[in-house]
Amino acid sequence: MQRQPIIIRRGHIATLASYMGVAALIAAVIGLIWQGGVTPYIIAAFVLGLVGIVLWAVMTPTEFRAFITGRGMRFGTVTVFSTLMLIGIVALAFLFFQRGALTLDLTQGQRFTLSAETEGILRRLYRPIRITGFYTSDYLPTREIDDQFFRLYETASDGLVTRLYIDPDEQPALASRYGVEEDGQVFVSYLNDDGSVDFNTLARVPRTANQERDITQAILRLLISGSIRVYFDTGSGERDPLDSTQEGVSGINAGMQESGLVTLPLDLSDIAAANGDIPRDAGAVLFVRPLTDLTDAEIAVVDRYLARGGALFIMTDVLYNEDPFLKQDGAFNAYLWANYGIRALDAAVVESPDTSGETPLDIIAAYVYTATSLGERLDPAENPLLFSVARALQVDLETAPADIANGQITLSSEVSYGETDLRTLGDTNTYSYDPATDLPPQLTTVVWSWDQTTGAKILMVGDSNFVSNGSVLAASGNGVLFTDGIAWLTGMDEQIRFGVQGYSAGVPLIFIDSATLDLISFITLIMMPGVVLVAGLAIWARRVRR
């Protein structure tokens, strides 16, 4: 039986070349958008597509011209090319919107919409800012939750805020340079003109239960970096801001510097001796447990500072020396009581063993007034405050000067009392309740006062150990009280205020990571239609041959 020769016509070659060329060009364009740049495979697809189109035009110029002019095109060819174009258009549209990070907040309460306060801060940006997050593969769900907020900043700032995610396991050297200590840490920084991170401005973002507040305040700290100065008084035996031992306060000093504040030492006794003044650029002055009381000359310096709107953060301990700081009948205590309606008492707070820390002298704040910015983030259940040998304080809510606003922040429990026999307490570390001399519950341990005429502010805490290196992390509320106290005193909290906003433990939409989404996109938009197309081409070609 004689076999029929296989005849390959020019039209067959041209048709195959046309399909190959158009398909290759569409694949090249999709690959270009998909990869975000040119790769050898994309170049090869472009070349293959051009070769196919050229071969089609050379082999069947009449058909090619008919296709271009829209005349004489066979129905089957129209269907094939329409299918290819539809696949390409849908894929390109999908990729465009996916890469464009189109955001639509469908949550009740608009949990994924930036507040007006944040938008106001973003309008003040003048340099590009980078949000850099470090997430291992185990932390991808957290990264994607964070990303929902971070991309809102990028959109609202018209691209001045950008985001970058790094796996510390894959780039340990870079993680070390950032100072990454745990999974999920986030940093903000300015970018240099060449797009690189300005490590001189790098700051870690403290993470709390409020995502938007965390990031916005970190950006705000960049904006005000270097503009606020906080002074530590060091002339009366206070805790040393450079001391890294358990008794020092180098931790809070470093934390303020990381937040963009400039911290400096100040010797009040030397200033008073020279009849000088506290520097005019002082955003706040910290007294972290002075050992001796202020002299009249030092009080005069403080008075002049407060008269021009200064701010004091006073941390006073129970002391047992001859002339202790803020002794109840001392001149400075009398000055604060007469002018600001707050003072310290010569009494140590003693709690019931059932409501205290390790000992009855380790006080866990039982009640918190949350109506002010100083207490709104303090929750005894979520952010407990822990004081060690706390000193009882008092606030005058009835006879303080008319222009003075003051109040309490924390109270002890109903079963506490104020031990007034400080000599026995200091000598023998023993105490017992004497109803004739000791103070009844409840006792105040944190007070504040604000002169609404001059703008002067004072925050007084009956303990300094709560910010020491050995204790500041012992209870989460310790750091919150100090941080919010500094923000209130320096006016940082007046620049941005938030309502209640919780940390989202879930996402508003079902989330699929980008790699899986790309795979699904390829299967649904290219592979599945492609299989159908190839099957259709095979059937069509078979019918044409018949």
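These are legends for several close-up views of a predicted protein model.

**View 1. The whole chain, before zooming in.**
Let's start with the full model, which is predicted and has 16 helices and 17 strands. Of its 546 residues, 45% count as buried. Take the contacts between residues at least 6 apart in sequence: 75% of them join residues at least 24 apart. The accessible surface comes to about 27,900 Å², and 58% of that belongs to carbon and sulfur atoms.

**View 2. Where the predictor is less sure, residues 99–110 and 497–513.**
On average the protein has a pLDDT of 82, with 77% of the residues scoring at least 70. Residues 99–110 have a pLDDT below 50, and this stretch has 13 contacts in the model beyond near neighbours in sequence. The pLDDT is also below 50 over residues 497–513, a stretch with 39 contacts beyond near neighbours in sequence. Where pLDDT is low, the predicted coordinates should not be read in detail.

**View 3. Glu351 and the residues around it.**
Look for Glu351 in the loop between β9 (342–350) and β10 (362–364). Is Glu351 buried or exposed? With a relative accessible area of 3%, Glu351 is buried, because anything under 20% gets that label. Setting aside neighbours within four places in sequence, Glu351 is in contact with Ser356, Pro360, Ile363, Ile364, Ser412, Ser413, Val415 and Ser416. One of these, Ser413, makes a polar contact of 2.5 Å with Glu351, side chain to side chain. Ser416 is worth picking out too: Glu351 and Ser416 are 65 residues apart in sequence, yet their C-alpha atoms are 4.3 Å apart in space.

**View 4. Asn465 and what it touches.**
Asn465 sits in the loop between β17 (457–461) and α14 (476–490). At a relative accessible area of 17%, Asn465 is buried. Which residues does Asn465 touch, not counting those up to four places away in sequence? They are Arg239, Asp317, Ser388 and Ser471. With Ser471 there is also a polar contact of 2.9 Å between the side chains. Keep Arg239 and Asp317 in mind, since both touch Asn465 and they meet each other in a salt bridge.

**View 5. Arg239 with two acidic partners.**
Side chains of opposite charge can pair when their charged atoms come close. Here Arg239 forms a salt bridge with Glu247, where the closest N and O atoms are 3.1 Å apart. Arg239 is buried at 6% relative accessible area, whereas Glu247 is partly exposed at 47%. The side chain of Arg239 also meets that of Asp317 in a salt bridge, at 3.9 Å from N to O. Arg239 lies in the loop between β5 (229–233) and α9 (250–258), and Asp317 in the loop between β8 (311–315) and α12 (331–340), so this pair ties together parts that are 78 residues apart in sequence. Asp317 counts as buried, with 11% relative accessibility.

**View 6. Arg151 and Asp147 on helix α6.**
How many salt bridges does a search of the whole structure find? The search turns up 12, and this view shows one between Arg151 and Asp147, with the closest N and O atoms 2.7 Å apart. Both residues lie in helix α6 (residues 140–156), 4 residues apart, or about one turn of the helix. Asp147 counts as buried at 5% relative accessibility, while Arg151, at 24%, counts as partly exposed.

**View 7. A nonpolar patch on the surface around Val38.**
Now over to the outside of the model: Val38, Ile43, Val47 and Val51 make a nonpolar surface patch of about 350 Å². Val38 is placed in the loop between α1 (10–35) and α2 (40–59). Its relative accessibility is 58%, so Val38 counts as exposed.

Definitions and conventions: Residues are numbered from 1 along each chain as its sequence is written. This is a predicted model: local features need pLDDT of at least 70, side-chain atom pairs count only at pLDDT 80 or more; totals for chains, interfaces and linings use all residues. Side-chain values use heavy atoms; hydrogens and water are left out. Helices (H or I, at least four residues) and strands (E, at least two) are DSSP runs, numbered from the N terminus. Buried means under 20% relative accessible area, exposed over 50%, partly exposed in between (1.4 Å probe, protein chains only). Contact means heavy atoms within 4.5 Å. A polar contact is a pair of N or O atoms within 3.5 Å; within protein, one must be able to donate a hydrogen and the other to accept it, and residues adjacent in sequence count only if both atoms are side-chain atoms. Patches are made of residues with over 30% relative accessible area and no salt bridge: like charges are joined within 9 Å, nonpolar side chains (Val, Leu, Ile, Met, Phe, Trp, Tyr) within 5 Å. Accessible areas come from the Shrake-Rupley method with a 1.4 Å probe; for residues, only the protein chains shown count as cover. A salt bridge is a side-chain nitrogen of Lys or Arg within 4 Å of a carboxyl oxygen of Asp or Glu. pLDDT is the predictor's confidence in each residue, from 0 to 100.
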